[in-house]
Structure formats: structure tokens, C-alpha cells
Amino acid sequence: MTEAPNLAAILDREWSLLIGGRPAPARSGRRFGDESPVTEEIIATIPDGDAADVGAAVEAARPAAAAWRRVPPRERGALVGELARVLEENADELALLDAIDGGHPVTGMHLDVAIAADMLRLFAGLGIELKGSTIPATAQNLHLTVREPFGVVGRIIPFNHPVMFAAGKIAAPLVAGNAVILKPPESAPLSALRMGELFAGVLPPGVLSVVVGDGPAAGRGVARHPAIRRIGFIGSDATGRAIQRDAAEVGVKDVTLELGGKNALIAFPDADPEAVAAGAVAGMNFARSAGQSCGSTSRLLLHESIADDVLDRVVDRMSAIRIGSPLDPATQMGTVATRAQYDKTLRYIGIARDEGAQVVTGGGPPAGLADGPGLFVAPTLLRGVRPDMRIAREEVFGPVLAAITFTDEDEAIMIANGVDYGLTGSVWTSDIRRAHRVAFALDAGYLWINGSAAHFTGVPFGGVKRSGTGREESLGELLSYTQLKTLNIMLG
Ligand code: NAD
């Protein structure tokens, strides 16, 4: 058995970008302080990468991409499968880095590593699906399509699942034959930088680069680099639209966006109230990400006849969540990720109160954790929320659940669809006709019937409306990193 890594030892080191398969400082020489939401102290100084570093990464990636695309897809897949093994071998260290850097519980981050390894293996095995088709357009000629990689692609990711996204989101573009410039979140960059070092031992130099910087400069460098013609973004809708604008100013780019949500869980009177309560709490992703999850069902739409019963059970379950140091393996919910997230969450609770909502539980730092360091916010339940309140329409991206009551099915659908977002949705009923009727009526890209929160490897995930474009975690993601070429072989 390997010994558990020591936090002080894994932080006592120099941090570098990964460019052309080698550790690199920022071209500018600048560094920035990386603050832990757990200690509220600077735990590392990171190269402050910007567009110049993205440019250097692209220069290294271009020849690497030219060679990588000629490697047969199943051989590329074999190397990507090897990344899964390397990730798992280093799970303790990577999970600990995410715990101290992002405030996410270390036990939950082990699960994130496992999910990322699973995603790497999914795509590692799909290389042979990078196929085209033949089209019987004429009797005498051969018409066929082939799939080709873009070349150098950009992957920009957020802070809520740092290593899970860093590792899981490079799999599809790599197997499709692209070189990847990965831009991790500036508030939790450590696991991605460490992962880059580890993966450099497996991948040909330049096939993967990791560039981070303080603020938007590195991300904008990716969006605005003319040679990066395919960008996969995960983050807020405001940044997603900024990337579309930046990208459009320098070229014609293929940009997919996995953005935010204000997702509805709808429970009808014929649903089991205990199961609904369990689904509502699981759906918030309090555990692992302190509610900071795009798919969180942060609007709980309850039929008026079951609201009191379900909410009592929800409070019991929320009160039982073990909140504490993310470094403690027994902890289920840690801190929120940044001071900005902390302030935003408390601001939204205040706005909800001012608009007339009642705080049933939570509402601020949890008892016993208010005085020490650490950006803790208790799981918070609001009731008396009306659909027109800001708390019912805007994404908090924190541990805040807003309960809204409805009187009939049409009203529930109207409330659920009455927001700008459309990522996930959850319907609870024992009537299969109602389940289908409501699910088909909802504006959302990913739905559960009598379920919540879970993702399933290989099942397409993504949103509609302001929640984004494109689908990931599935064959479609792999194919989205290719472009179709048509050949007409004139035989007649
Ligand atoms: P964010 O948009 O602030 O940042 C995301 C990434 O974009 C970071 O790496 C950041 O440095 C970079 N960035 C910032 N400005 C940029 C710019 N102008 N150009 C290019 N890159 C730029 O998001 P966040 O606060 O890190 O994450 C929270 C958001 O992410 C929430 O809205 C959440 O719902 C969403 N999210 C969506 C999914 C999904 O799959 N749909 C998953 C997780 C998170």
C-alpha cells in the first residue's frame, strides 16, 4: 500500500505551466497567489499565463497535432486509457490538491478522479467510431465522408470539479486526433497543473498544454488565437457569450458552451415524499461541490398538498450533512470555492429575504464554523419563494435551495420553463403518463424521472436556451471534435 500524501509536502514546490511537454514559467515572468478557501491563505504562487503563453503553446501544439492525427485512433485511445491509469495511481494527491485548493471534500474528490478516469476510458474505447459513411447519391460514383480533427483545440473549464474536468474534458479531443490547450480555473489550478506534469510522461510533447493565469487573459488568449478553431467551454453564460464574441472577431470558430442552470425539480402529490426529499437534497449536490454545480436542481417545485411534508423531510436531511474541513475524510460538504462565491451566495440569500422568502434552515455560516478560517455556508432552504423573485430566476451557484409551490401540472411546467436557463430538470410522480407529458414539455437538455443529480458515462449531457450548445459525456462529444470531409470519387 502506498502512503497517503502529506499536504505540506505536495504544496512545497514550484508550480509551472505545461508548454510543449515541458514545465514553463509565464512569458511575462509574473506570478499570482493562489488562495485556499479552507485556510484563506496563499498556498501557492502560479505563473500568470496570458495570450503570449497560449501563443507559445499553440506553436508547440501545431507540429504535435500534425503527427498525432496520423496515429491510428485506437492507438491514440490506448494512450488516453493509459492517462486513466496514471490519474488513478495519483488519486490521493490530486484529491488532496482539489480539497485544499477548491474547498471540495477530499473523499468526494476521490470520486471525481474516478469519474474522470471513467470518462477517459469511455473515449479511449470509442476511437473506432470516428468513422464516416458512404452515400448512395449516384449509381456510378462513390460518395463518402471521413472525419478529421481540427488541429489545435482549446478547452476552458471552471472551478467546481477541477481535476474531473481537467482530465475528463481532454479525452474526447485527444482521441479525435487534436492537440489540446487546457485552460484550468485560476481559483483552483493546482490539480490540473499536476495532472499536466503526470500526463507529459505519457503523451507526445505538445499534444497537451496547460496554461493558466490570473483573470481572463489566458482564456481570452485561447478564444482569440486564430489557429484555435474549436473551443469547448464550461463556465458561466456571461463568459460563454464573451468567448463567442472574441472568437467571432478573429475567425470562424466552432464553439460549444456548457453553461449555468436554474434547474427545476417538480414533485407531484402521487410521488413518495421521502424519495422526493432525498432526491431534492441529492439534486443540490451539497456534497462534493457545496451546491456549486451547473446541474443542481436549485428550484424545488412542490405541489401545495405535499409541500409541508416534503420540506420537513428536506430540512432533516440537510441538517444531517456533515459540513467541515474538506481535508477530513468524513466531511461530506466543504467550503465554497472563493470569497466571490461566498459573498455572492450570502448576497442572494439577503435578496431573497428582502423579496419576502423565509429562511427555513441555513442562511449563513454554519454554527461552530463561523469564527475560524474557511468560506463555509450552511445548506440553505428558502420557502415562500415566488417565481418572479430573483432567487427563482438567477443562478446562485451555491448551497441554496428555493422551494416554490404550485397548484396544477400546467402551472408547474410554466414556472419550470419561465427562466432563461434550460440545463437539467427532474420530475417526481408515480403516473407514467404524467412523467412523460411533463418531461417532454420541459425546456431542458437533461432530465431525470424519479431521479436527480446523477450523470451516466456515455449519456449525452448539455443544455438548451442560456444553458448552452453542444452535448458532452457521449459519442457526440467525440464527434464534435472532428470535421466532416466529403469525397466524391468519380467512377462513371
Ligand atoms: P467562469 O465563466 O467565470 O469561468 C470559467 C472559465 O473561463 C475559467 O477558467 C475562467 O478563467 C475562464 N474565463 C473567464 N473569463 C474569460 C474570458 N473572457 N474568456 C475566456 N475565458 C474566460 O465560470 P466559473 O465561475 O468558473 O464557473 C461557474 C459557472 O460554470 C456556473 O455558471 C456553472 O453553472 C457553470 N458550469 C457549467 C457546467 C455545464 O456542464 N453546463 C459545468 C460546471 C459549471
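A residue is counted as partly exposed when its relative accessible area lies between the cut-offs for buried, under 20%, and exposed, over 50%. By this criterion R85, at 35% relative accessibility, is partly exposed in the structure. The model examined is a predicted one.

R85 takes part in a salt bridge with E82, in which the closest N and O atoms are 2.5 Å apart. Both residues belong to helix 3 (residues 73-89), where they stand three residues apart and are thus separated by about one helical turn. E82, with a relative accessible area of 28%, is also partly exposed, because this value falls between the 20% and 50% cut-offs.

In total, 35 salt bridges are present in the structure. Side chains of opposite charge can pair when their charged atoms come close. One of the pairs joins R288 to D112, with 2.5 Å between the closest N and O atoms. R288 is located in helix 11 (residues 286-289) and D112 in helix 5 (residues 106-124), so this salt bridge ties together parts of the sequence that are 176 residues apart. D112 has a relative accessibility of 0% and therefore counts as buried.

A further salt bridge is formed by R437 and E409, whose closest N and O atoms are 2.7 Å apart. This pair also links distant parts of the chain, with R437 in helix 15 (residues 432-441) and E409 in helix 14 (residues 409-417), 28 residues apart. The two partners fall into separate accessibility classes: R437 is partly exposed, with a relative accessible area of 44%, whereas E409 counts as buried at 14%. The assignment of E409 follows because its value is under the 20% limit. Apart from these pairs, a network of salt bridges links R13, E93, R194 and E197.

The ligand is surrounded by 27 residues, and the closest are E186, S236, T239, L259 and E395. Several secondary-structure elements contribute to this shell: helix 8 (217-224), strand 9 (228-234) and helix 9 (237-250) each supply at least two residues. Oxygen atoms of the ligand are approached by both backbone and side-chain atoms of the protein. For T239, a polar side-chain atom lies 2.7 Å from a ligand oxygen atom. In the side chain of S236, an N or O atom is 2.8 Å from an oxygen atom of the ligand. G235 contributes through its backbone, with an N or O atom 3.3 Å from a ligand oxygen atom. On its own the ligand has 850 Å² of accessible area, of which the protein covers 89%.

Among the strands, strand 3 (residues 31-35) and strand 4 (residues 42-47) are paired in the antiparallel sense through five bridges. Within this pairing, D34 has A44 of strand 4 as its bridge partner. The two strands make up a hairpin with six residues between them. In the turn of this hairpin, E40 has a positive phi of about 55°.

A nonpolar patch on the surface consists of L142, L487, I489 and L491, which together have about 320 Å² of accessible area. One of its members, L142, is part of strand 5 (residues 142-149). L142 has a relative accessible area of 34% and is therefore classed as partly exposed. This value also satisfies the requirement for patch residues, because their relative accessible area must be over 30%.

Definitions and conventions: Residues are numbered from 1 along each chain as its sequence is written. This is a predicted model: local features need pLDDT of at least 70, side-chain atom pairs count only at pLDDT 80 or more; totals for chains, interfaces and linings use all residues. Side-chain values use heavy atoms; hydrogens and water are left out. Two strands pair if DSSP finds at least two bridges between them. Helices (H or I, at least four residues) and strands (E, at least two) are DSSP runs, numbered from the N terminus. Patches are made of residues with over 30% relative accessible area and no salt bridge: like charges are joined within 9 Å, nonpolar side chains (Val, Leu, Ile, Met, Phe, Trp, Tyr) within 5 Å. Accessible areas come from the Shrake-Rupley method with a 1.4 Å probe; for residues, only the protein chains shown count as cover. A salt bridge is a side-chain nitrogen of Lys or Arg within 4 Å of a carboxyl oxygen of Asp or Glu. Buried means under 20% relative accessible area, exposed over 50%, partly exposed in between (1.4 Å probe, protein chains only). A residue is near a molecule or strand if one of its heavy atoms lies within 4 Å of it. A polar contact is a pair of N or O atoms within 3.5 Å; within protein, one must be able to donate a hydrogen and the other to accept it, and residues adjacent in sequence count only if both atoms are side-chain atoms.
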